[in-house]
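Thanks for making the time this morning. I would like to walk you through one structure, and I will go slowly so that you can follow along on the screen.

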Amino acid sequence: MTEPESAPSIFAQLLQPGSSLNPSFLAIVDASFSLLAVILLSLVYVTAGNPHVFALLGIEIALWASVKWYGFSITCLGLVH
């Protein structure tokens, strides 16, 4: 079963210029990073503070911050039409 042609899929919308600042896309990205952070924090507890899990958590936080910074920079510079 295919979806109607009048309703574009989310993947088609993501491939358009400027789609990285779409509010629904940003909400999905934030939800994904939040879920990953919860999983890594639970792994910190389960593994009794394994340094490798802390390293992964640090990488995840840095990546999340860089995504937020990129969106903020693009908005502040006025590069969005």
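**Two helices and an aromatic pair**

Let me begin with Leu56, which has a relative accessible area of 48% and is therefore partly exposed, and please keep in mind throughout that what we are looking at is a predicted model. Leu56 belongs to helix 3, the run of residues 51-77. If you look across from there to Ala37, you will find that the two C-alpha atoms are 9.5 Å apart, although 19 residues along the chain separate Leu56 from Ala37.

That brings me to the aromatic rings, where a pair is described by the distance of the centres and the angle of the planes. There is one aromatic pair in the structure. It consists of Phe33 and Trp64, and because their ring centres are 5.6 Å apart and their planes lie at 15°, the pair counts as stacked. Distant parts of the chain are linked by this pair, since Phe33 sits in helix 2 and Trp64 in helix 3, 31 residues apart.

Are these two partners buried or partly exposed? Phe33 has a relative accessibility of 12%, which is under the 20% limit, so Phe33 is buried, whereas Trp64, with a relative accessible area of 22%, is partly exposed.

Finally, let us turn to the surface, where Leu35, Ile39, Leu43, Tyr45 and Val46 make a nonpolar patch of about 560 Å². Ile39, one of these residues, is part of helix 2, which covers residues 23-46, and its relative accessibility of 41% places Ile39 among the partly exposed residues.

Note on methods
Residues are numbered from 1 along each chain as its sequence is written. This is a predicted model: local features need pLDDT of at least 70, side-chain atom pairs count only at pLDDT 80 or more; totals for chains, interfaces and linings use all residues. Side-chain values use heavy atoms; hydrogens and water are left out. Patches are made of residues with over 30% relative accessible area and no salt bridge: like charges are joined within 9 Å, nonpolar side chains (Val, Leu, Ile, Met, Phe, Trp, Tyr) within 5 Å. Accessible areas come from the Shrake-Rupley method with a 1.4 Å probe; for residues, only the protein chains shown count as cover. A salt bridge is a side-chain nitrogen of Lys or Arg within 4 Å of a carboxyl oxygen of Asp or Glu. Helices (H or I, at least four residues) and strands (E, at least two) are DSSP runs, numbered from the N terminus. Buried means under 20% relative accessible area, exposed over 50%, partly exposed in between (1.4 Å probe, protein chains only). Rings of Phe, Tyr and Trp (its six-membered ring) pair if their centres lie within 6.5 Å; planes under 30 degrees apart count as stacked, over 60 as edge-to-face and the rest as tilted.
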